[in-house]
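User: Could you take a close look at one part of this model, a single sheet and what surrounds it, and explain the terms as you go? I am in my first year, so please go slowly.

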Amino acid sequence: MMWSVNFLDYSRMTKHTTILIAVVLWLVLLCLSSKTVAQESPPPFDFDITAAAFDDGWQKHLRNPGALFFDRSAGELFVADAGNGRVVIYDSLLNPKYSFEHYVTEKRSGNLVKGEPRDLAVNAVGEIILSDNFADYLDLLDFRGKSLQKIYLNAVYGDTTLTIKPEGLTIDKQGNLYVIASGDIVTVMVLNDYFELVRSIGQKGGGPSDFNTPLAIQVWQDRVFVTDLYADPAVKVFDTIGTFLYGFSGHQIERGDLSFPSGIEILPMGDSALPTIWVTDGLRQVVKVFNNDGEFREIVGGYGVNAGEFRYPTDIVAAGDSAFFIVERIGSRIQRFEAK
């Protein structure tokens, strides 16, 4: 039997075969590419939620808590409970230990009025350094909440004609206090343990290293991380001398962007224990995780009242190498997480 093939049919067959081969090759390459990406993508973090707190242990519920500080030497968690005008102290497992109300000196009358704690830190001798939404000074308190000293930033800066208000703050391992200052100047003031000005980091402006409305600050080793409500990038990273190193994330709708970066913490996570940057987003109801270079990695949480969910998370703080706490302003709750 003889087979004959029309030239036109052969051309059609060749064309269809070429297309088929191209499609198969494209699918193979796509599978290989997907496999490569899957292999290179780090696994999600795995952790348990080991405790939660809603009140001070005496049936007085938290109300609009906004900031956390963990004192590693004492193993205590300090909470700025703004809505109740007080500070609440827990142990490392969220068992309540103590609370006290904070009063500020009213500027016009000189009278003491109930405050609204904004942020806080604890120094090496157990004294509490606190900023308050109703005060234009830092309040140095003893462990029971008694005021020991008021630190006015304009006097520290050397110009009492300026209006300078303390906002977010943190303290490094050497005892230096980092204070976000707003008002006539917008900067990070670095104070030694005598509350003397060591240096300033950053200034108000429109450049990548400049601030608009800085919200939260954290120091990790030789780096200073500052979040900003409006400026781009949303997270700015400096060295402790004040040199701008890099920034990351914006304020758009991408997964790696931030709408309200209210809190920040550096956590060594995973098998390699490389540092990861965790930022609470108080509008998107999540915590966003970035690697040490500022590359977006994953999202933790989502809006809700169940364990692992959040209602307006405002701050995050580490309690060691594996445990950390997240506080919710509207949820009025603190959750304790433990990495597996």
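Analyst: A good place to begin is a pair of facing residues, since Leu140 stands opposite Gln149 in strand S11. Strands here are DSSP runs of E with at least two residues, numbered, like helices (H or I, at least four residues), from the N terminus. Before going further, please keep in mind that this is a predicted model, in which local features need pLDDT of at least 70 and side-chain atom pairs count only at pLDDT 80 or more, while totals for chains, interfaces and linings use all residues. Residues are numbered from 1 along each chain as its sequence is written, and side-chain values use heavy atoms, with hydrogens and water left out.

Strands S10 and S11 run antiparallel and are joined by four bridges; two strands are said to pair if DSSP finds at least two bridges between them. In the hairpin of S10 and S11, five residues lie between the strands, and Gly145 takes a positive phi near 95°.

On the other side of the pairing, S10 (residues 138-141) is joined by three bridges to strand S9 (residues 128-132), and these two strands also run antiparallel. Here Ile128 stands opposite Leu141 in S10, and a hairpin of five residues leads from S9 to S10.

Taken as a whole, the sheet is open and has four strands in the order S8-S9-S10-S11, with antiparallel pairing. Strand S8 (117-122) and strand S11 (147-151) each have a single partner strand, so they stand at the edges and one side of each is left without a neighbour in the sheet. Neighbouring strands are turned by 25° against each other on average, direction ignored; the axes behind this angle are lines fitted to C-alpha atoms, for helices over the stretch in contact, and angles run from 0 to 180 degrees between N-to-C directions.

Turning to the faces of S10, Leu138 and Leu140 on one side and Asp139 and Leu141 on the other are all buried, where buried means under 20% relative accessible area, exposed over 50%, and partly exposed in between, using a 1.4 Å probe and protein chains only.

Finally, consider Thr105, which is found in strand S6 (residues 103-105) and counts as partly exposed because its relative accessible area is 27%. Leaving aside neighbours within four places in sequence, Thr105 is in contact (heavy atoms within 4.5 Å) with residues including Tyr137 and Lys150. Thr105 and Tyr137 are 32 residues apart in sequence, and their C-alpha atoms are 9.7 Å apart in space.
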